[in-house]
Amino acid sequence: MTSNFQTYHEQTPADVKEAKGLHLLTQNTPNGQKVQIFLEELATTYGTEWTTTLIDTSTNEQKKGWFLSLNPNGRIPVLVDNTRTPPHPVMETSAQLLYLLQHFDVEKKFGFQDELEQSEVIQWLFFWHGSGAPYQGNMTFFRKAQEQSSFAITRFRKETFRVFGVLELQLSGKYTGQAKDYLAGRGKGKYSVADMGTWAWVKNWRGSGFTDEEMGAFPHLLGWIERIGERQAVQRGIGGKYVLV
C-alpha cells in the first residue's frame with residue numbers, strides 16, 4: 001500500500017531531513033531531558049547512535065509548518081526514526097520513551113519482560129505525564145508570569161506538592177510494606193523509563209519554589225532524586241551538548 005504521508009518538506013532544515021537513523025529534535029527542558037537521558041542510557045548499554053537538532057522554542061520554530069508535519073501539537077521533543085519508510089515521527093515524551101523501549105532496548109534493561117512489572121512502568125509513566133508534569137509546569141509558568149495570579153499559583157503548588165507525596169508513598173512503602181529504590185518492579189524496583197520520565201521534572205523542586213524544610217517531608221523521594229542524578233548517562237542527558245549557544 002502506498003502512502004501520501006510527507007515527513008519532510010522544502011522548509012525542513014537540512015540536518016533534520018538528511019538525518020539517518022534516530023534523530024531527536026529537542027530543547028534542554030524537563031520534557032526534552034526525559035528522552036535525552038534515555039538515549040544516553042541506550043548509548044551506554046548498546047552503543048545506540050542518534051543525531052540531534054536543538055530547537056529554540058523562544059523563536060516559535062516549533063510552530064512552523066515543517067515542524068508541525070512531525071508533531072501537529074508544536075511541542076518538543078520529537079523523535080524521528082529514519083530507519084522506517086517513510087521516516088516515522090513520534091510525539092509525546094511518554095510515547096517516545098515506550099517506542100525506544102520497544103524497538104531499541106532489546107534486553108529490556110530499562111523496562112521489564114514480565115507483563116505485570118511492565119504494567120507498573122506504564123502506570124507510573126502515565127501518572128507523571130498526566131498528573132505530575134502539568135501541575136509542576138503550570139506552577140512554574142504562573143510563578144514567572146508577568147500577570148500574577150495567587151489563586152493559580154496556590155492551586156498548582158498544592159497539587160505539585162501532593163503528587164510529590166504520591167511518589168513518596170510509593171518509594172517509602174508506607175502502605176505496601178516494601179520500600180523501593182525505583183518506582184516500578186518487584187521488591188526494591190528497577191531503574192526504568194518510569195524513573196527517567198519523572199525525575200527530569202522532580203529534580204527541579206527548588207526551582208519550583210519548594211523549600212528544604214518542605215521537601216524534608218519526602219526523604220525517600222529526595223534519596224531517589226540523588227540516586228538517579230548520580231548516573232553518568234543522566235548527567236550527560238541534561239548536560240552541555242543539549243544547551244543552545
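**A sheet, its helices and some unusual backbone**

Pro86 lies in the loop between E3 and E4. This is a predicted model, and that loop is a good place to enter it. The peptide bond from Thr85 to Pro86 is cis, with omega near -5°. The loop belongs to a hairpin: six residues link E3 to E4. The two strands run antiparallel and are joined by three bridges. Asp81 of E3 has His88 as its bridge partner in E4.

Now widen the view to the sheet. Four strands make up an open sheet, in the order E2-E1-E3-E4. Its pairing is mixed. Strand E2 (50-54) and strand E4 (88-90) form the edges, and each pairs on one side only. On average, neighbouring strands are turned by 20° against each other, with direction ignored.

Next comes the pairing of E1 with E3. Strand E1 (residues 22-26) and strand E3 (residues 78-81) are antiparallel and share four bridges. Leu22 stands opposite Asp81 in E3. His23 stands opposite Val80, also in E3. Asp81 thus appears in two pairings: it faces Leu22, and it bridges to His88 in E4.

What covers E3? Both of its faces are covered. Val78 and Val80 are buried on one side. Leu79 and Asp81 are buried on the other.

Helices lie across the sheet. Helix H4 (residues 93-104) lies across E1, E3 and E4. Its direction makes an angle of about 30° with E3. H2 lies across E1 and E2. Relative to E1, H2 runs at about 150°. E1 is therefore touched by both helices: H4 lies across it, and so does H2.

A second cis bond sits just ahead of E3. Ile76 and Pro77 are joined by a cis peptide bond, with omega about -5°. Pro77 is placed in the loop between helix H3 (65-68) and E3. Most residues other than glycine have a negative phi, and most peptide bonds are trans. The bonds at Pro77 and Pro86 are cis.

Two residues stand out by phi. Asn60 is found in the loop between E2 and H3. Its phi is near 65°, a positive value in a residue other than glycine. Is Asn60 buried or exposed? Its relative accessibility is 43%, so Asn60 counts as partly exposed. Lys108 is in the loop between H4 and helix H5 (115-144). Lys108 is not a glycine either, yet has a positive phi of about 55°. Lys108 has a relative accessible area of 19%; the limit for buried is under 20%, so Lys108 is buried.

Turn now to helix against helix. Two packed helices are described by the angle between their axes and the distance between the axes. Begin with H2, already met on the sheet. The axes of helix H2 (residues 30-46) and helix H7 (residues 193-202) come within 8 Å. They cross at roughly 140°. H2 and H7 are therefore oblique to each other. The crossing is right-handed.

Which residues of H2 and H7 meet? H2 brings Pro30, Asn31, Gln33, Lys34, Ile37, Phe38 and Glu41. H7 brings Val193, Met196, Gly197, Trp199, Ala200 and Trp201. The residues of this contact divide into eight nonpolar, three polar and two charged.

The other pair is H6 with H9. Helix H6 (residues 150-172) and helix H9 (residues 219-229) have their axes 8 Å apart. The angle between them is about 85°. H6 and H9 are therefore roughly perpendicular to each other. From H6 come Phe164, Leu167, Glu168, Leu171 and Ser172. They meet Pro219, His220, Leu221 and Trp224 in H9. Six residues of this contact are nonpolar, two are polar and one is charged.

Conventions: Residues numbered from 1 in each chain as written. Predicted model: local features only at pLDDT ≥ 70, side-chain atom pairs only at ≥ 80, totals over all residues. Heavy atoms only, no water. Axes fitted to C-alpha atoms, helices over the stretch in contact; angles between N-to-C directions. Parallel < 35°, antiparallel > 145°, perpendicular 65-115°, else oblique. Left-handed = near helix turned anticlockwise from the far one by under 90°. Contact = heavy atoms within 4.5 Å. Nonpolar A, V, L, I, M, F, W, Y, C, P; charged D, E, K, R; others polar. Pairing = 2+ DSSP bridges. Buried < 20%, exposed > 50% of the residue type's maximum accessible area, 1.4 Å probe, protein only.
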